[in-house]
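Biologist: I should like to go through this model with you and ask, for each term, what justifies its use. Shall we begin once the structure is displayed?

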Amino acid sequence: LACAPSSAHVFFKIMEERHGVRLLDQEGDDLGARMYGAFTTCFAQGFTRVVLVGTDVPSLPLSYYRQAFDALATHDLVLGPAQDGGYYLIGLTRPVADLFHNIPWSGPQVLAATHDRSANVGLRSVSLPVWRDIDTIDDLQALIQESSNEATQHKGGNFSMRTAGA
């Protein structure tokens, strides 16, 4: 779990204890630098496939994580395109600095710029299905509506009882 501002924060310590995750501090001046730092840290620890997902995709199905890791068995890069032109997931088999420097973060060209960069450095890439991330109040309201519809249809949903407010 890549943490900001510090992995020493009590919330992250609870997550470490409750879910058995390793904590690492996010470092860098922008999102790209922080993501690249997380990749380099994980690869330095011996991992051969690393997938990053932001906290702004709370309903991402487990199957998408599986698809991402499976894709990295035959590809260098996997991207999960977000509806807004960015991406909700990025996975690599090695750190590639060019994917993270001088990208127009938080804009509609993030995914396109990343695809261009990956082609320029010769990465074999693949994309997952498009998914919604939560950047605006409209995104949040759409997620709530979708989850409400799913819960009604399937007597369940993507959230824990605590998250769902029950």
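Biologist: Which residues of helix 4 (residues 110–120) are buried?

Modeller: The model is a predicted one. In helix 4, the buried residues are V110, L111, A113, T114 and S118. They lie on the same side of the helix, because the arc they cover around the axis is only 165°. On the other side, A119 and N120 are exposed.

Biologist: What covers the buried residues of helix 4?

Modeller: The cover includes strand 4, strand 5 and strand 6. After helix 4 comes G122, with a positive phi near 75°.

Biologist: Why is strand 4 (residues 77–81) called largely enclosed?

Modeller: Buried means under 20% relative accessible area. Of the 5 residues of strand 4, 5 are buried, so the strand is largely enclosed by the rest of the structure. In a regular strand, side chains alternate between the two faces of the sheet. Both faces of strand 4 are covered: L77, L79 and P81 are buried on one side, V78 and G80 on the other.

Biologist: What makes strand 4 and strand 5 (residues 87–92) a pair?

Modeller: Pairing requires at least two bridges. Strand 4 and strand 5 are joined by 5 bridges in the antiparallel sense, and therefore they count as paired. One of the bridge partnerships links P81 with Y87 of strand 5. The two strands form a hairpin with 5 residues between them, and G85 in the turn has a positive phi of about 95°.

Biologist: How do you know that strand 4 also pairs with strand 6 (residues 125–127)?

Modeller: There are 3 bridges between these parallel strands, against a requirement of at least two, so the pairing criterion is met. V78 has V126 of strand 6 as its bridge partner.

Biologist: Why is C42 called buried?

Modeller: Its relative accessible area is 14%, and the limit is under 20%, so C42 qualifies as buried. C3 has a value of 0% and is therefore buried as well. A search of the whole structure finds 0 disulfides.

Biologist: Which residues touch the most other members of the largest nonpolar core?

Modeller: Of its 22 residues, these are F39, Y87, I90, L92 and F100. Helix 2 (31–44), strand 3 (50–53), strand 4, strand 5 and helix 4 each give two or more residues to this core. Helix 2 gives the most, with 5 residues.

Biologist: With which residues is F100 in contact, leaving aside its neighbours within four places in sequence?

Modeller: The contacts of F100 are G32, A33, M35, Y36, F39, Y87, I90, L92 and W105. A second, separate core has 11 residues, among them Y64, A68, A71 and L89.

Conventions
Residues numbered from 1 in each chain as written. Predicted model: local features only at pLDDT ≥ 70, side-chain atom pairs only at ≥ 80, totals over all residues. Heavy atoms only, no water. Buried < 20%, exposed > 50% of the residue type's maximum accessible area, 1.4 Å probe, protein only. Helix = DSSP H or I, 4+ residues; strand = E, 2+ residues; numbered from the N terminus. Disulfide = S-S within 2.5 Å. Arc of directions from axis to C-beta. Contact = heavy atoms within 4.5 Å. Core = buried A, V, L, I, M, F, W, Y, C linked by side-chain atoms within 4.5 Å.
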